[in-house]
Amino acid sequence: MSKLVIVESPAKAKNIKGYLGKGYDVVASMGHVRDLPAARLSVDIANDFEPKYAVIKGKENFVKELKKKADSADYVYLATDPDREGEAISWHLATLLGLDMNDKNRVTFNEITKNGVKGGMENPRKIDIDFVNAQQARRILDRLIGYKLSPFISQKIRRGLSAGRVQSVALRLVVDRENEIRAFKPEEYWSIDAKFTNPPERKTFAAALYGKDNKKIKVENKEQSDKILSELDGAHYIVTGVKKGSRKKNPTPPFTTSTLQQEASRRLSFQARRTMKAAQELYEGVDAGELGTVGLITYMRTDSLRISDEARAAGNEYIVQTYGEKYLPKKPRYYKSKNNIQDGHEAIRPSMPNVAPEQVKPYLSSDQFKIYKLIWERFIASLMEACLQETMKIEISANGYIFNATGYTVKFDGFTALYEEKADEEKADSAAPLPPMKEGDELKLKSILGNQHFTQPPARYTEASLTKALEENGVGRPSTYVTITSTILNREYVKREGKQFVPTELGETVTKLLEDRIPNIVNVKYTSKMETDLDKIDSGDKDYKEMIRLYYDEFEEPLEKAKADMQGVKIKLKEEETDEICEKCGRNMVIKVGRFGKFLACPGYPECKNTKPLVYKTTAKCPECGGDVIEKKTKKGTSFFGCSNYPNCNFMTWDAPSDEVCPKCGKSLFKRRGNVLYCPDTEGCGFTKPAPRKKKTEEN
């Protein structure tokens with residue numbers, strides 16, 4: 001019998017074909033094959049929001065070939081990804097190929113391994129229409145909101161803008177945080193910090209002023225600080241309290257999509273798109289030497305914390321063999337997933353827990369290895385025994401003043417022998433081990449200082465912390481986080497400063513317009529409730545058309561009122577002035593946005609109508625003619641670099657110019673992949689050297 005298996009990606013198709021062998025034809029759909037055409041609304045509102053799907057442009061011939069393959073096959077299996085989006089793709093394929101929706105032709109692979117593929121093929125099921133409808137409801141609502149709302153804000157602010165069910169809430173969070181920072185008023189405070197030794201111990205330890213006469217005091221200015229220091233001049237410092245205790249530190253759960261993105265950002269400075277690209281490759285399968293071509297991790301779009309019994313047993317076996325029995329908890333640790341999640345598959349984990357990162361490092365790219373190591377260590381650590389710490393708190397008295405010092409020692413390292421989660425804000429360890437002390441000991445003062453501080457505003461969002469905020473607020477889902485942050489960046493609603501997201505004037509203007517006119521669209525709680533209601537479609541508890549009707553009605557009414565109230569109103573943005581002088585009238589030209597992107601225009605319009613292309617001049621010089629090297633953009637927004645003397649000089653490169661010049665010939669150096677600076681004069685020079693590495697920006 002001939003069997004046709006349809007998956008989503010070519011890499012996965014190749015690897016699954018290797019496991020299934022003869023009698024199976026495995027083809028890739030390359031994602032969706034049918035969708036709502038973008039050129040029109042494609043939703044019949046009058047006919048109960050009936051979607052008008054069509055084959056995606058450019059895939060018509062592929063669908064014809066797929067139909068031929070399906071017609072000649074004895075059986076067709078739909079093996080798209082194990083989530084709502086994958087279920088919807090299978091449903092669209094079944095519809096196009098004329099398959100019976102009651103057939104058990106849907107298979108899913110949580111991991112692309114021999115056992116994972118075999119297990120999936122042995123347990124086919126019907127397409128889950130509730131899952132499909134949950135995806136359809138989101139897709140249709142997103143289309144209705146985007147298609148109706150985007151033209152409105154474009155008309156009122158400027159051409160080419162967009163708004164959406166989730167992206168507008170994400171932008172609102174960034175804007176609100178910026179407003180909090182602006183409104184923040186720093187308050188001065190002081191700390192009195194001392195360093196001691198306990199003779200004959202040589203180890204120095206730190207302590208901070210707590211209070212006076214058993215009452216906590218707040219030091220608000222230099223005068224108070226100086227007064228306290230003068231009263232402590234020549235004082236004897238006596239240990240008046242020693243409190244010992246113990247604490248248990250448990251490991252963090254294995255990764256979900258959002259926690260993987262956050263940790264990769266904190267530890268590796270990876271943007272979410274880079275993280276998910278590497279994870280996708282690890283899931284779909286890599287050539288891992290003696291292991292063959294295999295998927296090294298489970299499906300990477302999940303918000304579940306569930307671990308299969310088989311994976312737990314394999315992980316436990318590795319822990320015992322590598323670290324010993326004492327590193328395995330006597331009682332297995334289970335992690336509870338949040339409510340309203342897709343729990344059809346597991347947390348992100350290694351598909352073969354016994355395959356340590358170093359074993360496959362030679363076969364992985366740098367990014368693949370770093371992400372696999374992160375996932376593997378987090379998973380193994382999640383199964384390990386807790387870290388046990390002995391704590392000590394010391395009270396020190398001097399002239400009525402009380403200082404406190406805290407510290408700990410590790411009694412048993414447990415999971416920390418392998419992995420510890422990185423904090424959002426790395427703080428100095430104020431709880432270092434303390435030397436032995438007992439009540440009555442007189443300490444030797446090494447130094448004492450008053451230090452000025454100011455309260456700090458809340459930190460701006462980064463990609464990692466924004467993802468965390470969206471997840472905590474129940475906005476968006478694992479598959480959408482990368483798209484959300486990319487959209488608000490690409491629309492120039494926010495910009496990056498280091499890792500931080502800063503709203504632009506455009507982003508703040510869009511948010512204010514929506515807050516004033518269609519507030520539900522940027523209301524975090526409202527969007528979270530919508531997400532919760534949409535989740536109820538998964539289990540069949542809600543009808544998806546009923547959901548669409550409810551939320552569309554609540555959206556349409558304020559939108560129509562806003563259109564009527566703002567007829568003829570145009571919100572003017574402050575134009576960005578440049579150093580470029582208009583050669584016709586002498587004014588400083590400003591940056592405007594038109595149909596084909598940004599350009600320079602004279603602010604004297606309509607008296608002066610001078611315009612010119614906007615180019616960004618770099619410090620580099622053209623290696624061919626000595627002209628300025630300028631940055632240009634493709635239609636998709638990708639940067640490339642060329643000579644300002646074009647078309648007389650045709651120099652062009654994708655490699656970014658540097659500020660350095662070649663020590664051999666004096667020409668500008670460019671940076672290519674592999675972090676290498678090179679001289680483009682390859683015939684006469686050929687100089688190369690490693691590029692200096694940028695210092696990592698601290699995560700906030």
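Which residue in β14 is the bridge partner of Gly-241? To find out, start with the whole model and work through the stops below.

**The whole chain**

This is a predicted model. Show the protein chain as a cartoon: 17 helices and 30 strands should appear. Along its principal axes, the C-alpha trace spans about 90 × 75 × 70 Å. Colour by burial next; of the 700 residues in the protein chain, 47% are buried. If you draw the contacts with a separation of 6 or more, 66% of them join residues 24 or more positions apart.

**Stop 1: the sheet β2-β1-β7**

Select residues 3-7, which are strand β1, then add β2 (24-28) and β7 (75-78). These three strands make an open sheet in the order β2-β1-β7, and their pairing is parallel. β2 and β7 are the edge strands, each pairing on one side only. From one strand to the next, the twist averages 20 degrees.

Now look at β1 and β2 alone. Five bridges join them in the parallel sense. To see one pair, pick Lys-3 and go across to β2, where Tyr-24 is its bridge partner.

**Stop 2: helices α1 and α4**

Select residues 10-20 for helix α1 and residues 114-121 for helix α4. Two packed helices are described by the angle between their axes and the distance between the axes. Here the angle is about 80 degrees and the axes are 10 Å apart. α1 is therefore roughly perpendicular to α4.

Turn on the side chains where the helices meet. On the α1 side, show Ile-16, Tyr-19 and Leu-20; on the α4 side, show Lys-114, Val-117 and Met-121. How many residues of this contact are nonpolar, polar and charged? Five are nonpolar, none is polar and one is charged.

**Stop 3: strands β11, β14, β15 and β16**

Strands of a sheet pair through backbone hydrogen bonds, either parallel or antiparallel. Select residues 237-249 for β11 and residues 387-398 for β14. They pair in the antiparallel sense over 11 bridges.

Here the opening question can be settled: click Gly-241, and its bridge partner in β14 is Glu-395. Val-242 stands opposite Ile-394 in β14.

Add residues 401-412, which are strand β15. β14 and β15 run antiparallel and are joined by 11 bridges. Pick Thr-391 to see one of the pairs; Tyr-408 in β15 is its bridge partner. β14 and β15 form a hairpin, with two residues between them. In that turn, select Asn-399, whose phi is positive at about 50 degrees.

Go back to β11 and add residues 442-454, strand β16. β11 and β16 also pair in the antiparallel sense, over two bridges. Ile-238 has Glu-442 in β16 as its bridge partner.

**Stop 4: Lys-499**

Select the loop between β17 (494-497) and β18 (500-503), where Lys-499 lies. Is Lys-499 buried or exposed? Lys-499 counts as buried because its relative accessible area is 13%, under the 20% cut-off. For a sense of distance, add Ser-304: it lies 195 residues from Lys-499 along the chain, and their C-alpha atoms are separated by 28 Å.

**Stop 5: the cysteines**

How many disulfides does a search of the whole structure find? The search finds zero. Select Cys-582 and Cys-608 to look at one case. The sulfur of Cys-608 is the closest cysteine sulfur to that of Cys-582, but at 3.7 Å the two are too far apart for a bond; a disulfide needs sulfur atoms within 2.5 Å. Cys-582 is buried, at 1% relative accessibility.

Move on to Cys-679, which is in no disulfide either. Its nearest cysteine sulfur belongs to Cys-665 and is 3.4 Å away. Cys-679 is buried too, with a relative accessible area of 1%.

**Stop 6: the sheet β23-β24-β25-β26**

For the last stop, select β23 (616-621) and β26 (652-653). They are the edge strands, each pairing on one side only, of an open sheet of four strands in the order β23-β24-β25-β26. The pairing in this sheet is antiparallel.

Within the sheet, select residues 639-643 for strand β25, which pairs with β26 in the antiparallel sense over two bridges. Click Gly-642 in this pairing; Met-652 in β26 is its bridge partner.

Technical notes
Residues are numbered from 1 along each chain as its sequence is written. Side-chain values use heavy atoms; hydrogens and water are left out. Two strands pair if DSSP finds at least two bridges between them. Axes are lines fitted to C-alpha atoms, for helices over the stretch in contact, and angles run from 0 to 180 degrees between N-to-C directions. Buried means under 20% relative accessible area, exposed over 50%, partly exposed in between (1.4 Å probe, protein chains only). Angles under 35 degrees count as roughly parallel, over 145 as roughly antiparallel, 65 to 115 as roughly perpendicular and the rest as oblique. Contact means heavy atoms within 4.5 Å. Ala, Val, Leu, Ile, Met, Phe, Trp, Tyr, Cys and Pro count as nonpolar, Asp, Glu, Lys and Arg as charged, and the others, Gly among them, as polar.
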